[in-house]
Amino acid sequence: MPGKLEKKLIIKFLGTSSEESIPREGCECVQCLSKDKNDNRLRSSVLINKKIMIDATPDVLKQLSKRQIDALEAVLITHEHADHNGGIKDLLRARRDIRIIKLAAGQHFKLLGIDFHAFKVKHSNLVPTVGVEINSVIYIPDYADLDWAMPYLKNTKFAILDGSVLGRNFGGHLSINETVALTKPLKNLRKIYLTHNGHTRRTHKEMQKLVHEIGDSSFVIAYDGLEIEV
Ligand SMILES: [Zn+2]
Ligand SMILES: [Zn+2]
Ligand SMILES: [Zn+2]
């Protein structure tokens with residue numbers, strides 16, 4: 001819940017996949033063949049109060065038209081990986097007036113009445129990466145560990161975290177299993193949404209069941225179009 005002075009946030013998931021959208025071309029796994037619309041995922045970004053987007057994926061134009069987004073004013077970029085910044089050019093070609101803000105660790109600012117704070121997370125040796133505190137909601141789509149994010153996670157009710165890989169850490173991503181193990185004991189967290197969902201070859205339904213089993217009912221596998229109000 002927002003503090004007294006905090007504006008209410010409506011966060012919409014415009015995309016929830018990792019490096020590539022799902023289904024993957026030519027793949028015949030259950031995830032890619034699924035008829036459930038929650039298994040169709042574009043690359044990860046969120047829209048805040050209809051006007052601010054975090055990350056501009058290569059799917060950005062598709063995401064804007066699919067969700068009929070016409071009030072977009074600014075885009076915040078978490079890091080320079082193509083699945084997070086690869087849509088900037090397309091976006092600016094279509095909408096020249098949009099402000100692009102490449103976030104840096106330690107940055108703190110107010111935009112359209114919402115507080116943003118970027119903090120450093122470990123993800124890639126080559127590419128500096130941040131997590132974002134949006135009022136008091138934590139958004140970190142990519143991380144290799146949660147060490148530097150812990151102080152923020154201990155101080156929020158809602159977190160949106162990295163759901164890229166299952167079972168073992170891989171390619172700069174902490175496994176879902178470890179994310180669950182690290183965040184389950186934090187009783188302040190009311191809901192933990194997993195985004196940046198990888199090609200796990202399990203359906204949304206199966207993944208949701210799994211995180212309930214290894215975690216509890218506070219863990220939610222995000223899907224494209226999911227909207228939360230906090
Ligand atoms: Zn597949
Ligand atoms: Zn990345
Ligand atoms: Zn990514």
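**Note on the zinc site and the six-stranded sheet**

1. In this predicted model, the C-alpha atoms at the two ends of residues 42-196 lie 9 Å apart. Helix accounts for 19% of that span and strand for 30%. The range is that of the UniProt annotation "domain: Metallo-beta-lactamase", which comes from an unreviewed entry.

2. The sheet is open and has six strands in the order 5-4-3-2-1-13, with mixed pairing. Strand 5 and strand 13 (227-229) stand at its edges; each has a single partner strand, so one side of each is left without a neighbour in the sheet. From one strand to the next the twist averages 20°.

3. Strand 4 (residues 74-77) has partners in both strand 3 and strand 5. Three bridges join strand 4 to strand 3 (residues 52-54), and the two run parallel; here Met 53 stands opposite Val 75. Strand 5 (residues 99-102) is also parallel to strand 4, over four bridges, and Lys 102 of strand 5 stands opposite Ile 77.

4. The side chains of strand 4 deserve a separate remark. Ala 74 and Leu 76 point one way from the strand, while Val 75 and Ile 77 point the other way. All of these residues are buried.

5. The connection from strand 3 to strand 4 includes helix 2 (residues 60-66), and the three elements make a right-handed β-α-β unit. On the pairing with strand 2 (residues 45-48), strand 3 is antiparallel, with three bridges. Val 46 stands opposite Ile 54 of strand 3 in this pairing.

6. Turning to the metal, the zinc ion (ligand 3) is coordinated by Asp 83 (OD), His 84 (NE2), Asp 142 (OD) and His 196 (NE2), at 2.1 to 2.2 Å. The spacing of these donor residues in sequence is D-H-x57-D-x53-H. Both Asp 83 and His 84 are buried.

7. Why is the arrangement around the zinc ion (ligand 3) irregular? The four donor atoms subtend angles of 91 to 163°. Four donors count as tetrahedral if all angles lie between 85 and 135 degrees, and the upper end of the angles at the zinc ion (ligand 3) is 163°. The arrangement is therefore classed as irregular.

8. A second zinc ion (ligand 2) lies 3.4 Å from the zinc ion (ligand 3). Which residue coordinates both? Asp 142 does so, and Asp 142 contributes an OD donor to the zinc ion (ligand 3).

Technical notes
Residues numbered from 1 in each chain as written. Chains lettered and ligands numbered in written order. Predicted model: local features only at pLDDT ≥ 70, side-chain atom pairs only at ≥ 80, totals over all residues. Heavy atoms only, no water. Donors = N, O, S within 2.8 Å, 3.2 Å for Na, K, Ca; no water. Tetrahedral: all angles 85-135°; square planar, octahedral: opposite > 155°, others 65-115°. Buried < 20%, exposed > 50% of the residue type's maximum accessible area, 1.4 Å probe, protein only. Pairing = 2+ DSSP bridges. Right-handed = clockwise from strand over helix to strand, strands pointing away. UniProt positions renumbered as here; feature names shortened; annotations may be inferred. Axes fitted to C-alpha atoms, helices over the stretch in contact; angles between N-to-C directions.
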